[in-house]
Structure formats: structure tokens, C-alpha cells
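Student: I'd like to go through this one by asking what the labels rest on. Can we take it value by value?

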Amino acid sequence: MEKERLRTLIGIAMVSLGLVQTVSGVLQDNLPFATFGFLYALIGVAYLWAEVYSADQ
């Protein structure tokens, strides 16, 4: 149970940091920074799906 909770927290942190980076990049008119933040958030979503959602089934 602890490993699943840790994996969930890691995934949520990845998505959150990616979205913060994306918003920051958009507000500063820095498109590459925003794009990489969005990609990092997508990787976090994929991590959540692969490690948390798929592991439950």
C-alpha cells in the first residue's frame, strides 16, 4: 500500500510541476519553457496511468 501511495504522489507531483512550469512559461512569453512543462505534465499523466491505474487491474 505504501508503494502505491508513493507512486501516486510522484505522479501528482510531476503533473503539478509540469503545469506550474507551463503557466509560468506562458505568462513570461517563453514558448519552449511552456512546451517542455506541458510535456513533463504529460509524462506525469502517463506515469500515473502506467504505475497506478494499470497496477490496480
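**Values against cut-offs**

Student: Why is Thr 22 called buried?

Tutor: Thr 22 has 15% relative accessibility, and buried means under 20% relative accessible area (exposed is over 50%, partly exposed in between; 1.4 Å probe, protein chains only), so Thr 22 counts as buried. Before we go on: this is a predicted model, where local features need pLDDT of at least 70, side-chain atom pairs count only at pLDDT 80 or more, and totals for chains, interfaces and linings use all residues. Residues are numbered from 1 along each chain as its sequence is written, and side-chain values use heavy atoms, with hydrogens and water left out.

Student: And what makes Asp 29 exposed?

Tutor: Asp 29 comes out at 73% relative accessibility, so it goes down as exposed. Asp 29 also has a positive phi of about 55°, although it is not a glycine.

Student: Which polar atoms does the side chain of Thr 22 reach?

Tutor: The Thr 22 side chain gets to the backbone nitrogen of Phe 38 at 2.8 Å, and one of its polar atoms is 3.4 Å from the backbone oxygen of Ala 34. A polar contact is a pair of N or O atoms within 3.5 Å; within protein, one must be able to donate a hydrogen and the other to accept it, and residues adjacent in sequence count only if both atoms are side-chain atoms.

Student: How do you know that the chain is more spread out than a compact globule?

Tutor: The protein chain has two helices and zero strands (DSSP runs numbered from the N terminus: H or I, at least four residues, for helices; E, at least two, for strands). Its radius of gyration, taken over C-alpha atoms, is 13 Å, well over the 10 Å that the globule rule (2.2 Å times the number of residues to the power 0.38) gives for 57 residues, so the chain is more spread out than a compact globule.
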